[in-house]
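Visitor: Could you take me through one helix of this model and the part of the protein packed around it? I would like to know what its two sides do and how disulfides tie in.

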Amino acid sequence: MEGHTKMLFILGLVAIASISQIYRVEGAGECGKNTTPDNEAIKLAPCATAAQDENASVSQSCCVQVKKFGQNPACLCAVLLSNTAKMSGVDPKIAITIPKRCNFANRPVGYKCGPYTLP
């Protein structure tokens, strides 16, 4: 059952990103000129369970992806609050704990992410 749920999650992310690509506005956003937070959210598919359950273990592949975003806290925040993340069932209050749960020493502690603060 869990495999089926993950596959639906990934398919949903791909569908949402494809739709958002159609309406993409040219210009540099939080994540750069050639992408959007919704497109970048797909890269966090390995974090699906950890972003919905604070007691779930965070996979190594999730930590690798989050570490890439952690170098740009504004992008990480935009991705966690993106429509793709919301429609995928991501709980921002839980998702912002992933960098800490990955034990990153150089994470953006205290960074304001909408109404949330990175721990």
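Guide: Happy to. Buried here stands for under 20% relative accessible area, exposed for over 50%, and partly exposed for what lies in between, with a 1.4 Å probe and protein chains only. The model is predicted, so local features need pLDDT of at least 70 and side-chain atom pairs count only at pLDDT 80 or more, while totals for chains, interfaces and linings use all residues. Residues are numbered from 1 along each chain as its sequence is written, and side-chain values use heavy atoms, with hydrogens and water left out.

Let us look at α3 (60-70). Helices (H or I, at least four residues) and strands (E, at least two) are DSSP runs, numbered from the N terminus. The buried residues of α3 are C62, C63, Q65, V66 and F69. They sit on the same side of the helix, because they cover an arc of only 165° around its axis; the arc is that of the directions from the helix axis to the C-beta atoms. A helix has 3.6 residues a turn, so residues three or four places apart point the same way. On the other side of α3, Q60 and K68 are exposed. The cover over the buried residues includes α2 (37-41), α4 and α7 (98-101).

Q65 deserves a pause. This residue of α3 counts as buried because its relative accessible area is 18%. Leaving aside residues up to four places away in sequence, Q65 touches K43 and L44, where contact means heavy atoms within 4.5 Å. With the same neighbours in sequence left out, V66 touches L44, C47, I98, P99 and F104.

V66 also brings us to the largest nonpolar core, which has 25 residues. Such a core is a set of buried Ala, Val, Leu, Ile, Met, Phe, Trp, Tyr and Cys residues joined through side-chain atoms within 4.5 Å. L44, V58, V66, V79 and I98 touch the most other members. The elements giving two or more residues are α3 and α4 (73-80), and α4 gives the most, with five.

Now the disulfides, each a pair of cysteine sulfur atoms within 2.5 Å. The whole structure has four, and with bonded cysteines counted along the chain their pattern is 1-5, 2-3, 4-7, 6-8. One of them starts in our helix: C63 is joined to C102, S to S 2.0 Å. This pair links C63 in α3 with C102 in the loop between α7 and β1 (112-113), 39 residues apart. The link is left-handed, because the torsion about its S-S bond is about -90°. C63 is buried, since its relative accessible area is 9%, and C102 counts as buried because its value is 12%.

Two further disulfides reach α4, which helps cover α3. C31 is joined to C75, S to S 2.0 Å, and this link is right-handed, with 100° about the S-S bond. C31 lies in the loop between α1 (2-22) and α2, C75 in α4, 44 residues apart; both C31 and C75 are buried. C77 is joined to C113, S to S 2.2 Å, and is right-handed because the torsion is about 110°. Since C77 lies in α4 and C113 in strand β1, the pair ties together parts 36 residues apart in sequence. C77 and C113 are buried as well.
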